[in-house]
Structures are given as C-alpha cells and as structure tokens.
Amino acid sequence: MGPPIQTGSLLIRMQNCQPQLPAALAKVGEWALAYPFRTATLKIGELAAAAEVSVASVNRYARFLGYDGYPEFREDLLRAFQSTFAPVEKLRVAVQRDTSNAEIMRESLASDAGNITRTMELLQPEQCEAAIRLIRDSRRVVALGLGDSAYLALFLADVLEPYVDHVREAVEFAGTERTIRRLMTVQPGDLVIAITSPRYSRRTIEHLQLCRERGAKAIALTDAPDSPIVPLADVTLLAGADHGVRHSSPTGLMALIVALGTALSRSGPESVGQAADVAERILPYLHVVPKAKRPTE
C-alpha cells in the first residue's frame, strides 16, 4: 500500500488516490467522491452498505488516505465542508440580531479595513520581489479566476495591461469550455496568476494544474498558506479575506492587486514615459475642472 498523496484538499487527495486503489477500496472512493457530503454524515456500516463493500474495506480505504481509521476520515471530511456552510450559519446569526442596516454596513467596512491591515502584515518582501520579476520576465500573463474571483481576474488583467506586453484573462463567464481553450494555449515562458479565496473553486485548482503541466510559471493570490493553490505556485501573495457574514471578502485581494500594479509601474525603465503618454491620450475625454484660486490674503 503506497502513502497517500498530500495536497491541500481532502477531496483532491481522494481523487488522486483513486487510480491506485484495489477494487473494493475503489468502490468506497467512487461512492464517497460521488456523494461527499452524504459520506461525511454516514456511520461506517452505512457507508459500507451504500458502497456494497465490507466494513473492513471502508477502514482500509481511510487508512490508505493516511488516517488511523474511518472516524478520523469522516471527521476530516466534515471539516472540509465547514467553509462551504459557514456563510449560511453566519447569515443565520446576523438575521437574528436586532441591528440597524447602518451598523451592519459599519461592521462590514470595519472588517474590510481589518483585511487590508492583515494584507499589509502578510506581505513578504522576497515574495513581492519574486512576483515582480516573474511578471516582467514572462512572455505572456494569464489572470485566472472563477466565481467571485473572476471579477478580480478581470481587474488584475486591467491593472497589468499598461506594464505587460501580452496579458489576458481566463474566467468562466462564457463557460468552462472557453476557459480550457484559452489555457490550452499556455506554454513555457508564460505566467498564470491564479486568484482564489474561500470558498475555493475546485476548477481553479484543476485549471492551474493544467497550466503547470504545460510548463507555465504561477503566482497564487489567495488568503492563507494552506490554500489549495499554494502548492502549485512558484510565488504566493496573501491577503486578508475574512467577513462577518459572507464566505469571504474580496477587498484585501483587490487592494493587493492595486499594490502589485503600483510596484510594477515603477519597475520598468519606461514607466514614467508610458504614464505620460496615456495621460496625454485620454486628456480630451476627461472632464477637467480648474481649481478655484484661493483668495489673496
């Protein structure tokens, strides 16, 4: 029996182990992957009956994944779903509170102010320098994000555009097929900047894995060292993403993207000239109001 494959996600570990399993254990894994939430709620005998295997096979499956037995596997699987259902519980608590809308908005703003402070605390100088070098040295940059992070990926591509010769986004507004087609053009020399925060998208992880297999470098923009995209990245930049009601907040990541663009803007020898050219070109389209003169004393 080989050791379990260690990744940042239990469900991904279960998927990766599936081809290595003996027949009876594979039946357990197949059922558990098809119904993961139900599996987390079943007793060992119930799972054995559902998968049509013995109780001993269920225990062996759990041990193959690195656990002492089924109870530890089931407990870990339940924990894997906590982040999925946490927003429901947070909203349930918020609804029961007798709080004004203004106070709720203040709490949300205070939470996001804390996320920006947390983002500043999480900055690691060597990772920042490495990220700028990767962006500058890449043939092409792809901003990857799904769900809420898709909007951040669009924003990232827009922020990078003045400083990168070839930048494009890979988001799923038009479906998974279009995203995969774009990612299948990734080659060695390209850089993928992947964005994800709780609740993490499994497809983001799969898409980033595809890009790594095709030889691309990767930067992860995420919320924690144990985020599932961190093991796939050459460089990781972290941002605060906590929120009192929502599953996460994008404010820290958005501020991090702005900060990344700011650092990038001064890293090129022609950055000032480029900024001046852009300002001159857009000037005719701006509503410019002359500042009023101060009264003389």
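Let's start with the lining of the largest cavity: two of its residues are nonpolar, four are polar and two are charged. In that count, Ala, Val, Leu, Ile, Met, Phe, Trp, Tyr, Cys and Pro are nonpolar, Asp, Glu, Lys and Arg are charged, and the others, Gly among them, are polar. The residues themselves are Asp148, Ser149, Leu152, Ser197, Arg246, Ser248, Ser249 and Pro250.

A word on the source. This is a predicted model, where local features need pLDDT of at least 70 and side-chain atom pairs count only at pLDDT 80 or more, while totals for chains, interfaces and linings use all residues. Residues are numbered from 1 along each chain as its sequence is written, and side-chain values use heavy atoms, with hydrogens and water left out.

Now, what is a cavity? On a 1 Å grid over the protein atoms alone, a cavity is a set of points where a 1.4 Å probe fits but cannot get out, and lining residues have an atom within 4 Å of a point. Points are joined across faces, edges and corners, and the volume is the space filled by probe spheres set on them. The idea is simple: rolling a probe the size of a water molecule over the atoms shows where empty space is left.

How many cavities of 30 Å³ or more does the structure hold? Two. The largest has about 50 Å³ of space. The second largest has about 30 Å³. Leu122, Gln124, Gln127, Thr236, Leu237 and Leu238 line that second one. Three of these residues are nonpolar, three are polar and none is charged. Strand β5, residues 235–238, gives the largest share of this lining, with three residues.

Next, the whole chain. It has 13 helices and five strands. These are DSSP runs, numbered from the N terminus: helices are H or I with at least four residues, strands are E with at least two. Of the 297 residues, 39% are buried. Buried means under 20% relative accessible area, exposed means over 50%, and partly exposed is in between, with a 1.4 Å probe and protein chains only. Contacts come next, meaning heavy atoms within 4.5 Å. Among contacts between residues at least 6 apart in sequence, 67% join residues at least 24 apart.

On to the core. In soluble globular proteins, nonpolar side chains tend to be buried together. A nonpolar core here is a set of buried Ala, Val, Leu, Ile, Met, Phe, Trp, Tyr and Cys residues joined through side-chain atoms within 4.5 Å. The largest one has 29 residues, and Ile135, Leu156, Leu160, Ile193, Ile195, Ile219 and Leu221 touch the most other members. Two or more residues each come from α8, β1, α9, β3, β4, β5 and α12. Which element gives the most? That is α9, with seven residues. Take Leu160: leaving aside neighbours within four places in sequence, Leu160 is in contact with Ile135, Val141, Val167, Ile193 and Leu264. A second, separate core has 24 residues, including Ala26, Ala40, Leu42 and Ala51.

Look at helix α12, residues 251–265. Its 15 residues should span 21 Å at 1.5 Å a residue, and the end C-alpha atoms are 21 Å apart, so the two agree. The expected span is 1.5 Å times one less than the number of residues. Buried in α12 are Gly252, Leu253, Leu256, Ile257, Leu260, Gly261 and Leu264. An α-helix has 3.6 residues a turn, so residues three or four places apart point the same way. The cover over the buried residues of α12 includes α7, α8, α9, β3, β4 and β5.

Helix α11, residues 202–213, gets the same check. Its 12 residues should span 16 Å, and its end C-alpha atoms are 17 Å apart, which agrees. Here Thr204, Ile205, His207, Leu208, Leu210 and Cys211 are buried.

Now Asn115, in helix α7. Is Asn115 buried or exposed? It is buried, at 3% relative accessible area. Beyond neighbours within four places in sequence, Asn115 is in contact with Gly240, Ala241, Asp242, Ser249 and Gly252.

Last, two loop residues. Glu52 sits between α4 and α5. It is exposed, at 63% relative accessible area. Most residues other than glycine have a negative phi, and most peptide bonds are trans. Phi of Glu52 is positive, near 60 degrees. Pro22 lies in the loop between α1 and α2. Pro22 is partly exposed, at 46%. Pro22 and Tyr61 are 39 residues apart in sequence, yet 9.4 Å apart in space, C-alpha to C-alpha.

Definitions and conventions. On a 1 Å grid over the protein atoms alone, a cavity is a set of points where a 1.4 Å probe fits but cannot get out, and a pocket is an open set with protein on both sides within 12 Å along at least five of seven lines; lining residues have an atom within 4 Å of a point.
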